[in-house]
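Reader: I would like to practise reading a fold with you. Could you take me through it feature by feature?

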Amino acid sequence: MQQYCEIATPKGVMRGFFHVPHRKEFPVLLIFHGFTGQCTGTKFSYVSLSRLLEAQGVGTLRMDFLGSGESDLTFKEMTFDDELSCARILLEELKKMPQVTDIYVLGHSMGGAIASELAKLYPRIQMQYHQHHVLIVLL
């Protein structure tokens, strides 16, 4: 089930969607869009991916970073460090959810750079690089 969600940060509210499979417990893929992107992905690719994963019992959280899409701020106000801070907030929110068994992070383009920097902040992770994407496996 796709659920609209808002997550507050010190600089504004991020908006996006949490896809929740019909299971008591499940892993979640956290998706970071790229520079000038938004949580739907190019040609709704993140929406399609989220629906496919949900059908397989995997949740996804896809949010617009501040200054992008439906989230607060303007694009001019966005910085890399702000996006990294937002990524940490999203990850910490997922870690609080008792139904979440594992967390994976997928970043495209600048979202991949955010994912890589996030990996430095969490010592128990694995990273896999695939062309322009970064997949981080949190253990």
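Author: Gladly; we will go through a strand, its partners, the core, a helix and a few loop residues. Please keep in mind that this is a predicted model.

Reader: Let's start with strand 3. Which of its residues are on one side and which on the other?

Author: The general idea comes first. In a regular strand, side chains point alternately to one face of the sheet and the other. Here, F26, V28, L30 and F32 are on one side of strand 3, while P27, L29 and I31 are on the other. Both faces are covered, as these residues are all buried. Seven of the seven residues of strand 3 are buried, so the strand is largely enclosed by the rest of the structure.

Reader: Which strands are joined to strand 3 by bridges, and how do they run?

Author: Strand 5 is joined to strand 3 by six bridges, and the two run parallel. In that pairing F32 stands opposite G107. Strand 4 is also parallel to strand 3, with four bridges between them; there V28 stands opposite G59.

Reader: What unit do strand 3, helix 1 and strand 4 make?

Author: A β-α-β unit, and its hand is right-handed. Helix 1 covers residues 45-55, and strand 4 covers 59-63.

Reader: Now the interior. Which residues have the most contacts inside the largest nonpolar core?

Author: They are F18, L30, F32, L61 and L90, in a core of 26 residues. Strands 1 to 5, helix 2 and helix 3 each give two or more residues to this core. Helix 2 supplies the largest share, six residues. To see one core residue at work, take L61: beyond its sequence neighbours up to four places away, L61 touches C5, F17, F18, V28, L29, L30, I31, L90 and L94.

Reader: What about polar residues in the interior? Is T60 buried or exposed?

Author: T60, in strand 4, has 0% relative accessibility and therefore counts as buried. Its side chain makes a polar contact with the side chain of S50 at 2.8 Å. Setting aside residues up to four places away, T60 touches F17, F18, H19, V28, L29, I31, S50 and L53.

Reader: And how should I read T40?

Author: T40 is in the loop between strand 3 and helix 1. At 18% relative accessibility T40 counts as buried, because the cut-off is under 20%. Apart from neighbours within four places in sequence, T40 is in contact with S45, Y46, V47 and R62.

Reader: How can I check the length of helix 3?

Author: Compare its expected span with the distance between its ends. At 1.5 Å a residue, the 12 residues of helix 3 should span 16 Å, and the end C-alpha atoms are 17 Å apart, which agrees. The buried residues of helix 3 include M110, G111, G112, I114 and L118.

Reader: Last topic: backbone angles. Which phi values should catch my eye?

Author: Most residues other than glycine have a negative phi. T36 is not a glycine, yet it has a positive phi of about 65°. T36 lies in the loop between strand 3 and helix 1 and is exposed, with a relative accessible area of 57%. L73, also not a glycine, has a positive phi of about 80°. L73 is in the loop between strand 4 and helix 2, and at a relative accessible area of 30% L73 is partly exposed.

Definitions and conventions: Residues are numbered from 1 along each chain as its sequence is written. This is a predicted model: local features need pLDDT of at least 70, side-chain atom pairs count only at pLDDT 80 or more; totals for chains, interfaces and linings use all residues. Side-chain values use heavy atoms; hydrogens and water are left out. A nonpolar core is a set of buried Ala, Val, Leu, Ile, Met, Phe, Trp, Tyr and Cys residues joined through side-chain atoms within 4.5 Å. Buried means under 20% relative accessible area, exposed over 50%, partly exposed in between (1.4 Å probe, protein chains only). Contact means heavy atoms within 4.5 Å. The expected span of a helix is 1.5 Å times one less than its number of residues. Two strands pair if DSSP finds at least two bridges between them. A crossover is right-handed if, with the strands pointing away from the viewer, the path from the first strand over the helix to the second runs clockwise. A polar contact is a pair of N or O atoms within 3.5 Å; within protein, one must be able to donate a hydrogen and the other to accept it, and residues adjacent in sequence count only if both atoms are side-chain atoms.
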